[in-house]
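Please examine the sequence and the model shown below. The paragraphs that follow concern charged side chains and their surroundings.

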Amino acid sequence: MALAVGLILVALCGCSGQARLREEPPAVRPRPVLPQMRYTIQAGAFKNIDNAVRLTDKLLARKLFAYHFIDESGFYKVRIGNFPSRGEAVEKAEGLKAGRVIEEYFIIAPGDYAAARQQTAGEPQLRNEIIRTAERFIGVPYKWGGESTVSGFDCSGLTMVVYQLNGLDLPRTSGEQWTAGRPVAGMDLSRGDLVFFATRGGTIVSHVGIYLGGDAFLHAPSRGNPIQVASLSSAYYRARYLGARSFL
C-alpha cells in the first residue's frame, strides 16, 4: 500500500514538473524608448495664436522650456517646464504669476497623460491618442516662438509637442528624434510612428512627420504654411524618405 502511494506521488510530481516545463514565458514588453513627462505648468487660453506665441517667447526669454498648442476646445494654450515634483512646478508657477508673466494656471501631473494610462488601456489606445492630438493641428498656420526661428525646427517642434502632450518626452530636433527611436521596417509601420526625410539631399535627416496609417503622414511642411497631410508615395517624399522610428 505504501509503495502504491509513493508511486502515485512520484507520478503526480512528474506531471507537475512537465506542466511547468510547458508553461509559456511571460511576454516581454519592449523597454520604453522615451522617458515620461513629469509635472508641467499649463497657462493661457487664447483664441488668437499670436497671443500664445508672445507668451511662449516671454517664457523662452527667461530660459524656461515652453511650447504652445491647440487644445480640443480650439483654444491655444501654453505648457511650461518638466518638473520633478508638484512642489517645484507650483513654486515656479507662483513666481511667474507674481511677475505677471502668467495669470491663472494648473499643474499637469504624470498620471494625467495618455502614456501613463497605456498599461491599462494598451499601446493601440496610446497610438490613437497621438493621432487624435496630431490631427487637431491640421490647417493651423503654425508659428513657433523663440528658438523656433532656427531652420527646420517647425516640423520637429510639431512632433515633439504631439508626443509631449501625450506624456512622452520626445527630443526637440529631427536628428535627435531619429537617433532616439527604434528603427521600423517599411512593412511594420504603425500609426503614431515618425517618418523621416532628407529634404536637403544626401542622407542627413532634415524633416519629420507623424505616420497616420495607409499612405498618409502629417507634418509642418515649411514656415508660414499650414500643418497638413501628405502622401508617402508622392514623388517628392518617396525620393527623400530615409526611414521610420517607433517610440512605443
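Arg132 has a relative accessibility of 42%, so this residue counts as partly exposed. The model in which this value was computed is a predicted one. The side chain of Arg132 forms a salt bridge with that of Glu129, with a distance of 2.9 Å from N to O. Both residues belong to helix H5, where 3 residues, about one turn of the helix, separate them. Glu129, in contrast to its partner, is buried, because its relative accessible area is 17%, and the limit for buried residues is under 20%. The pair also takes part in a wider arrangement: a network of salt bridges links Glu72, Glu129 and Arg132.

A second pair is found in helix H5, which covers residues 123-135. Here Arg127 and Glu123 lie 4 residues apart, again about one turn of the helix. Their side chains form a salt bridge at 3.0 Å, N to O. Is Arg127 buried or exposed? Its relative accessible area is 9%, and Arg127 is therefore buried. Glu123 has a relative accessible area of 26%, which means that Glu123 is partly exposed.

One further salt bridge joins the side chains of Lys77 and Asp71, with 3.6 Å between N and O. This distance satisfies the criterion, because a salt bridge requires the nitrogen and the oxygen to be within 4 Å. Lys77 counts as buried, because its relative accessibility is 16%.

How many salt bridges does a search of the whole structure find? The search gives 6, and the pairs described above are among them.

Key. Residues are numbered from 1 along each chain as its sequence is written. This is a predicted model: local features need pLDDT of at least 70, side-chain atom pairs count only at pLDDT 80 or more; totals for chains, interfaces and linings use all residues. Side-chain values use heavy atoms; hydrogens and water are left out. Buried means under 20% relative accessible area, exposed over 50%, partly exposed in between (1.4 Å probe, protein chains only). Helices (H or I, at least four residues) and strands (E, at least two) are DSSP runs, numbered from the N terminus.
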